[in-house]
Structures are given as structure tokens and as C-alpha cells.
Amino acid sequence: MTDHQIQDNEQQSLKQDALAHLWRWLSPDKDQAGQQYENLRRKLIELFGRRGVPVLAQQELADETLDRVGRKLAEGEVIHHPEPMAYVYGVARHVLSEFWRRQNRREKTEVTFEDLSPRDLARVESRSKLQE
């Protein structure tokens, strides 16, 4: 087994442990915990959609949010909150904020031809001709 495979297995194991803690926090009854988990996940996806997150990223952000809550619980943090959704929404706000910061950084580093001055555009065109 390669180092990469070992690392993937460890991460998968950690995620499963976090998920188990999350489910126990939601309800001692497995069926009820599963229903609450799916309900939370669906509501998070809807929340991210309303906040303008692209469709492909909505599920990833919902999963990241729930994974963070589960990891906190797995690390031994005791969450004294009468309504799990309110706590999860707080974590989701942080996840969303990080997402938009990453998006803004990407936009700032991406340069299009429209961003180039005529002189820089001429340089790019002359270099591309030299490579041909």
C-alpha cells in the first residue's frame, strides 16, 4: 500500500468517526439520526443555493459543514445547543465565508486578455508566434 493510499484510508476512517459522532449528537436512535442528518444536509444545500453558491459546490459545502461539526464532536467538544440546526448554520456561515474568500482570490489571480494593456497583449501574441 502506498503512502497516498494509507493517507486516504486514514482520512476516510476519520470522516466515518466524525459522522458517527454527528449522528449520536443528532439522536440516540439511528433511524432518527439518519433522517435528521439528511434533513440538515438538504437544508444546507438550499441555504448555499440561496446564497448564490454554484450548484456543483453546494453539496460539497454542505458535506464540509457537517464534517466539521462531526470532527468537533469526535475531538471531544461538547455542544450544548438545544437546536442542532442553529449550531450547524453557524458553522455553515464560516464555511461559506471561506468559500467566497477562495473564489475572490481566484478571480484576482485570473487574468484575461481584456485585463491586459495593448503593450502586454502584443508581448503575449509575439511569444505565442515564436512558440508556433
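Helices H1 and H3 each supply at least two residues of the lining of the largest pocket. The model is predicted. The largest nonpolar core draws two or more residues from each of helices H1, H2, H3 and H4, and three aromatic pairs are counted.

**Largest pocket**
- The space in the largest pocket comes to about 260 Å³.
- Its lining is made up of 13 residues, and those nearest the centre are Lys-15, Leu-19, Tyr-37, Asp-63 and Asp-67.
- Sorted by class, the lining holds five nonpolar, five charged and three polar residues.

**Nonpolar core**
- The largest nonpolar core has 25 residues, of which Leu-22, Trp-25, Leu-44, Phe-48 and Val-69 touch the most other members.
- The elements giving two or more residues to this core are H1 (3-26), H2 (30-50), H3 (55-74) and H4.
- In soluble globular proteins, nonpolar side chains tend to be buried together.
- Beyond its neighbours within four places in sequence, Trp-25 is in contact with Val-69, Leu-73, Ile-79, Pro-84, Tyr-87 and Val-88.

**Aromatic pairs**
- The count of aromatic pairs is three.
- One of them joins Trp-23 and Tyr-37, with ring centres 6.0 Å apart and planes at 45°, so this pair is tilted.
- This pair links distant parts of the chain, since Trp-23 lies in helix H1 and Tyr-37 in helix H2, 14 residues apart.
- Trp-23 has a relative accessible area of 29% and is therefore partly exposed.
- Tyr-37 has a relative accessible area of 13% and is therefore buried.
- The rings of Trp-25 and Tyr-87 also pair: their centres are 6.0 Å apart and their planes meet at 75°, so the arrangement is edge-to-face.
- Here too distant parts of the chain are linked, with Trp-25 in helix H1 and Tyr-87 in helix H4, 62 residues apart.

**Leu-96**
- Leu-96 is located in helix H4, which spans residues 84-109.
- Leu-96 is buried because its relative accessible area is 11%, below the 20% cut-off.
- Setting aside neighbours within four places in sequence, Leu-96 is in contact with Phe-48, Arg-51, Val-53 and Leu-61.
- Phe-48, one of these contacts, is also among the core residues that touch the most other members.
- The C-alpha atom of Leu-96 lies 9.9 Å from that of Leu-47, a residue 49 places away along the chain.

Terms used. Residues are numbered from 1 along each chain as its sequence is written. This is a predicted model: local features need pLDDT of at least 70, side-chain atom pairs count only at pLDDT 80 or more; totals for chains, interfaces and linings use all residues. Side-chain values use heavy atoms; hydrogens and water are left out. Helices (H or I, at least four residues) and strands (E, at least two) are DSSP runs, numbered from the N terminus. Buried means under 20% relative accessible area, exposed over 50%, partly exposed in between (1.4 Å probe, protein chains only). Contact means heavy atoms within 4.5 Å. A nonpolar core is a set of buried Ala, Val, Leu, Ile, Met, Phe, Trp, Tyr and Cys residues joined through side-chain atoms within 4.5 Å. On a 1 Å grid over the protein atoms alone, a cavity is a set of points where a 1.4 Å probe fits but cannot get out, and a pocket is an open set with protein on both sides within 12 Å along at least five of seven lines; lining residues have an atom within 4 Å of a point. Grid points are joined across faces, edges and corners, and a volume is the space filled by probe spheres set on the points. Ala, Val, Leu, Ile, Met, Phe, Trp, Tyr, Cys and Pro count as nonpolar, Asp, Glu, Lys and Arg as charged, and the others, Gly among them, as polar. Rings of Phe, Tyr and Trp (its six-membered ring) pair if their centres lie within 6.5 Å; planes under 30 degrees apart count as stacked, over 60 as edge-to-face and the rest as tilted.
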